[in-house]
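This report describes selected surface and interior residues of one model. The sequence and structure come first, then the account.

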Amino acid sequence: MVDWTPDGYWLVRLLFKRGLALIYLLAFLVAARQFRPLVGEDGLLPIDRYVDRASFRERPSLFYYYPSDRVVGAAAWTGVALSAVALVG
């Protein structure tokens, strides 16, 4: 008989969570490393000019009210740290 209880899927849950944490880690690492050249203050499309052209209703963003390299960089590196903790723990 097949065991359909949640206790029977511990390995699948473990691998899924760790795989998702690895994907998040890579995504936040890419965002942290490539943010400044792309949308930083001296990037291809500076974020402050982008925010000035678009309204919050059209393109909502967490960084709409304070578009700064430091804030976005801190958010990206915080995401790297938290996803690394999720991967290890």
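## Exposure and contacts

L15 is exposed, with a relative accessible area of 56%; exposed means over 50%, buried under 20%, and partly exposed in between, with a 1.4 Å probe and protein chains only as cover. This is a predicted model, in which local features need pLDDT of at least 70 and side-chain atom pairs pLDDT 80 or more, while totals for chains, interfaces and linings use all residues. Residues are numbered from 1 along each chain as its sequence is written, and side-chain values use heavy atoms, without hydrogens and water.

L15 lies in helix 1; helices are DSSP runs of H or I with at least four residues, numbered from the N terminus. Together with W10, L11 and L14, L15 makes a nonpolar surface patch of about 420 Å². Patch residues have over 30% relative accessible area and no salt bridge, and nonpolar side chains are joined within 5 Å, like charges within 9 Å. A salt bridge is a side-chain nitrogen of Lys or Arg within 4 Å of a carboxyl oxygen of Asp or Glu.

A negative patch is formed by E41, D42, D48 and D52, with Asp and Glu counted as negative. Three further residues are placed below.

| Residue | Place | Relative accessible area |
|---|---|---|
| E41 | loop between helix 1 (10-39) and helix 2 (47-53) | 53%, exposed |
| F63 | loop between helix 2 and helix 3 | 21%, partly exposed |
| S83 | helix 3 (residues 69-88) | 6%, buried |

The side chain of S83 reaches the backbone oxygen of G79 at 2.9 Å. F63 and S83 are 20 residues apart along the chain, and their C-alpha atoms are separated by 20 Å.

Terms used
Areas by Shrake-Rupley, 256 points an atom, 1.4 Å probe, with all protein chains shown as cover. Charge placed at Lys NZ, Arg CZ, Asp CG, Glu CD. Helix = DSSP H or I, 4+ residues; strand = E, 2+ residues; numbered from the N terminus. Polar contact = N/O pair within 3.5 Å; in protein donor to acceptor, adjacent residues only side chain to side chain.
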